[in-house]
Amino acid sequence: MVEVTVTPQSSLADRPVQIRVRGLSPSQLVTLRAWLKDEQGERFQSRAFFRADGAGEVDPALHAALGGSYSGVWPMGLFWFLQPDTLFRRLVKRDVAGSPFRVRLEVLEGLSMGLDPREQPLASCEAERWYVGPGVQRVPIREGRVRGALFLPP
């Protein structure tokens, strides 16, 4: 049975995570896809093609992506190379304290370009990417024409 994990499952957006796929056949070609919907409902996604090692595992920190949104060894490439489905959109987080981005990670059979909406992943999981840590206090700033927010650690 194929399994994909992200460790830790919930983390700050600037912290690295480890992605691992297990249960593949040795040398099996797979696509790892990451996607999320932003606060306006726009979809952003990235994908990378991998060949499983002799143990049937894929680890983007150890194995080079053969193509897709990037190539080479990029441990956080699936997060860094997220692109909008609609041109000229930017990934912006407005509610930084209230909710995380929920990034869906999927393992697809072969080299998948994601054109078939009926395509079923072999395995999937979800990662939460927070922009503000627990206990951080947000203080609005309004002084003359200056507007902003001060984030104070616990």
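# Questions on a predicted model

Reader: Does Phe88 count as buried or exposed?
Author: In this predicted model, the relative accessibility of Phe88 is 81%. The cut-off for the upper class is over 50%. Because 81% passes that cut-off, Phe88 counts as exposed.

Reader: Where is Phe88 found?
Author: Phe88 is not a glycine, yet its phi is positive, at about 65°. Its place is a loop that begins after β7, residues 83-84. The loop with Phe88 runs between β7 and β8.

Reader: How does Ser27 count by its relative accessibility?
Author: Ser27, in the loop between β3 (18-22) and β4 (29-37), also has a positive phi, near 65°, without being a glycine. Its relative accessibility is 41%. Buried requires under 20% and exposed over 50%, so at 41% Ser27 counts as partly exposed.

Reader: Which residues does the cis peptide bond join?
Author: The omega angle at this bond is about -5°. One partner, Pro8, has its place in the loop between β1 (3-7) and β2. The cis bond joins Thr7 and Pro8.

Reader: How many helices and strands does the protein have?
Author: From the N terminus on, the order of elements is β-β-β-β-β-β-α-β-β-β-β-β. The secondary structure therefore comes to 1 helix and 11 strands.

Reader: Do β8 and β9 run parallel or antiparallel?
Author: Strand β9, residues 123-130, is joined to β2, residues 10-12, by 3 bridges, and those two run parallel. In that pairing Leu12 stands opposite Trp130. The link between β8 and β9 has 7 bridges, and the direction there is antiparallel.

Reader: What is the bridge partner of Leu105 in β9?
Author: Leu105 lies in β8, which covers residues 101-109. Strand β8 is joined to β9 by bridges, and in β9 the partner of Leu105 is Cys125.

Reader: Which elements give two or more residues to the lining of the largest pocket?
Author: The largest pocket holds about 160 Å³ of space. It is lined by 14 residues, and the closest to its centre are Ala13, Phe79, Leu82, Arg129 and Tyr131. The elements that give two or more residues are α1 (77-80) and β8 (101-109).

Reader: How many residues in that lining are charged?
Author: Arg129 is among the residues closest to the centre of the pocket, and Arg belongs to the charged class. By class, the lining has 11 nonpolar residues and no polar ones, while the number of charged residues is 3.

Notes:
Residues are numbered from 1 along each chain as its sequence is written. This is a predicted model: local features need pLDDT of at least 70, side-chain atom pairs count only at pLDDT 80 or more; totals for chains, interfaces and linings use all residues. Side-chain values use heavy atoms; hydrogens and water are left out. On a 1 Å grid over the protein atoms alone, a cavity is a set of points where a 1.4 Å probe fits but cannot get out, and a pocket is an open set with protein on both sides within 12 Å along at least five of seven lines; lining residues have an atom within 4 Å of a point. Grid points are joined across faces, edges and corners, and a volume is the space filled by probe spheres set on the points. Helices (H or I, at least four residues) and strands (E, at least two) are DSSP runs, numbered from the N terminus. Two strands pair if DSSP finds at least two bridges between them. Buried means under 20% relative accessible area, exposed over 50%, partly exposed in between (1.4 Å probe, protein chains only).
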